[in-house]
Amino acid sequence: MKGLFFISKQGRQSLPKELAYYIKRYGLMIFLASFLSAGIVCGCILAQYGDEQTMKSLDFIFISNFKGRIEQGFFEGFKASMSAYFLFYIMSLLLGLSLWGMIGIPAVMALKGIGAGLCAGYLISAYSFQGAVFYVIVMLPGLFLSSLSLILQCKHSFRLSQKLWRFFSPLKKNSEQEKPDMLSFFQKSSVILLLTAAGAIVDVLFTAFFSHMFTFT
């Protein structure tokens, strides 16, 4: 009994340390993902006030013209998807190079979520079950990869912006240890760009393989 009590007591004592470890390691990603989730909810609400013409006009940002994507060829579809994904990628990268980027990075995540929610909400409201299935099977895989790559890029950009602020802040004494590692940032960003491209490829492939199963009139 004493042994069991000792083990449970040790477990209770180690729990705050484990929680602090996970918050320190994944807290920023959870923080960014929360803005993405909030944006998705807002996008679903805004979809009630949108129509097909609105979805077409927002396609260069949100990949919302699903009818046009079905009719496009592989290279046209990849170019369109990559352009939309790259727009968010380059915004997050440039914000990372700014001392004020920490403020704008959550807004980029929220905007990405609004696009995802807007498209999902419109498909479901306009085409009910068929629209929901189309979104999950055709659009969600590429969107998931692009969102994951954006979260990773925003995480690195947020930390770099934070380091730049601390380094150039007149209230802190600069030292060699505080210098931001720009080379590491661009190396990580290059890898994330490949993941972003993979999301665009997946988007085009799933559209080509499964879009013929759906008919939108």
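What share of the 217 residues of the chain counts as buried? In this predicted model, the figure is 39%. The chain holds 7 helices and 0 strands, and from the N terminus on its elements run α-α-α-α-α-α-α. With that outline in hand, the helix contacts make a good place to begin, followed by the aromatic rings and a few individual residues.

Two packed helices are described by the angle between their axes and the distance between the axes. For helix α5, which spans residues 74-96, and helix α6, the axes come within 6 Å and cross at roughly 20 degrees. The two helices are therefore roughly parallel to each other, since an angle under 35 degrees counts as such. Their crossing is right-handed. In the contact of α5 with α6, the residues divide into 14 nonpolar, 9 polar and 1 charged.

Helix α6 also packs against α7, this time at an angle of about 170 degrees and with the axes 7 Å apart. That angle makes α6 roughly antiparallel to α7, given that values over 145 degrees are counted in this way. Sorted by class, the residues of this contact are 16 nonpolar, 9 polar and 2 charged.

A further contact joins α5 and α7. Here the axes lie 9 Å apart, and the packing angle is about 145 degrees. The crossing of α5 and α7 is right-handed. The contact of α5 with α7 has 16 nonpolar, 6 polar and 1 charged residues.

The aromatic side chains add another layer to the picture, with 9 aromatic pairs in the structure. One of these joins Phe134 and Phe214, whose ring centres are 5.2 Å apart and whose planes meet at 85 degrees, an edge-to-face arrangement. Phe134 belongs to helix α6 (residues 101-168), while Phe214 sits in the segment after α7 (182-210), so the pair ties together parts that are 80 residues apart in sequence. Are these two rings buried or exposed? Phe134 is buried, with a relative accessible area of 2%, and Phe214 is buried as well, with a value of 12%; both fall in this class because it takes in relative accessible areas under 20%.

Another ring pair is formed by Phe206 and Phe210. Their centres are 5.6 Å apart and their planes stand at 45 degrees, so this pair is tilted. Phe206 and Phe210 are 4 residues apart in helix α7, which means that about one helical turn separates them. Phe206 is partly exposed, with a relative accessible area of 28%, and Phe210 is likewise partly exposed, with a relative accessible area of 28%.

Aromatic rings also come together in a cluster, in which ring pairs link Phe31, Phe35 and Phe158. Elsewhere, a ring has a lysine for a partner: Lys112 lies over the face of Phe88, at 5.4 Å from the ring centre.

Returning to the surroundings of Phe214, Val133 offers a useful point of reference. Val133 lies in helix α6 and is partly exposed, with a relative accessible area of 23%. Although Val133 and Phe214 are 81 residues apart in sequence, their C-alpha atoms are 9.2 Å apart in space.

A separate link across the sequence involves Tyr26, which is found in helix α1 (residues 2-46). How many residues apart along the chain are Tyr26 and Lys155? They are 129 residues apart, yet their C-alpha atoms are separated by 9.8 Å. Tyr26 itself counts as partly exposed, at 35% relative accessibility.

One backbone detail in helix α6 also deserves a look. Ser128, which has its place in this helix, shows a phi near 55 degrees, a positive value in a residue other than glycine. At 47% relative accessibility, Ser128 counts as partly exposed.

Terms used: Residues numbered from 1 in each chain as written. Predicted model: local features only at pLDDT ≥ 70, side-chain atom pairs only at ≥ 80, totals over all residues. Heavy atoms only, no water. Phe/Tyr/Trp six-rings, centres within 6.5 Å; stacked < 30°, edge-to-face > 60°. Buried < 20%, exposed > 50% of the residue type's maximum accessible area, 1.4 Å probe, protein only. Lys NZ or Arg CZ within 6 Å of the ring centre and 35° of its normal. Axes fitted to C-alpha atoms, helices over the stretch in contact; angles between N-to-C directions. Parallel < 35°, antiparallel > 145°, perpendicular 65-115°, else oblique. Left-handed = near helix turned anticlockwise from the far one by under 90°. Nonpolar A, V, L, I, M, F, W, Y, C, P; charged D, E, K, R; others polar.
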